[in-house]
Amino acid sequence: MDLAQPPVENYANPRTCFFHVLFKAASLAFYILSALFFDSFVIIFVVTVLLAALDFWVVKNVSGRILVGLRWWNEINDLGESVWKFESLDQESLARMNKKDSWLFWWTLYLTAVLWVILGIFSLIRFQADYCLIVGVCLTLSVANIVGFTKCRKDAKKQFQQFASQTLASRVSSTIQTAFSVV
């Protein structure tokens, strides 16, 4: 009897996945291991924050678009108010996104923030307020991406629901018009 295994879905965008994880891992690893190699807080601060900023940029501008089909940004309007802007692929394209890519994107996005919180707690316990500054900057960058992409995903779902209800309403309306025009 042939017990064929179902095909395992591979990453559709392995390079993008690699860089999505690379800068997260690099900033966390450098922060954790830097005390073994450097005595200078300034070097640790600059390199860790630079790696976290690279991660923020890659996630916001590259991997978010490719892995989950979402993009966000924030603008200041003429009244001086902050306005969130969102872009997403259409629902059909979003439905075809690779599940493994999407899973990696969301889990690493949230996991990184959790790890920064844990590292912040350790810094507080060790009474290292200066290291809390590094953690605070890195956590802020992580949370900004979480908030941006979460709002973007909700906006995409809302747009789909509006489109679906408008389409349904127009079809019902045209069916009713057709029914009465025949009579």
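**Notebook: helices, hairpin and annotated spans**

I looked first at how the first two helices meet, and helix 1 passes helix 2 in a left-handed crossing (the near helix is turned anticlockwise from the far one by less than a right angle). This is a predicted model, in which local features need pLDDT of at least 70, side-chain atom pairs count only at pLDDT 80 or more, and totals for chains, interfaces and linings use all residues. Residues are numbered from 1 along each chain as its sequence is written, and side-chain values use heavy atoms, with hydrogens and water left out.

I noted that the axes of helix 1 (residues 14–37) and helix 2 (residues 41–68) come within 8 Å and cross at roughly 165 degrees, the axes being lines fitted to C-alpha atoms over the stretch in contact, with angles from 0 to 180 degrees between N-to-C directions. The two helices are therefore roughly antiparallel to each other (angles over 145 degrees).

I then turned to the hairpin, where strand 1 (residues 70–76) and strand 2 (residues 82–88) pair in the antiparallel sense over seven bridges; pairing needs at least two DSSP bridges, and helices (H or I, at least four residues) and strands (E, at least two) are DSSP runs. Trp73 has Lys85 of strand 2 as its bridge partner, and among the five residues between the strands Gly80 takes a positive phi near 85 degrees.

Last, I checked the unreviewed UniProt entry, which lists residues 28–58, 103–125 and 131–150 as "transmembrane region", an annotation that may be inferred rather than shown by experiment. Residues 103–125 are 100% helix, with end C-alpha atoms 33 Å apart, and residues 131–150 are 100% helix, with end C-alpha atoms 28 Å apart.

Conventions. Angles under 35 degrees count as roughly parallel, over 145 as roughly antiparallel, 65 to 115 as roughly perpendicular and the rest as oblique.
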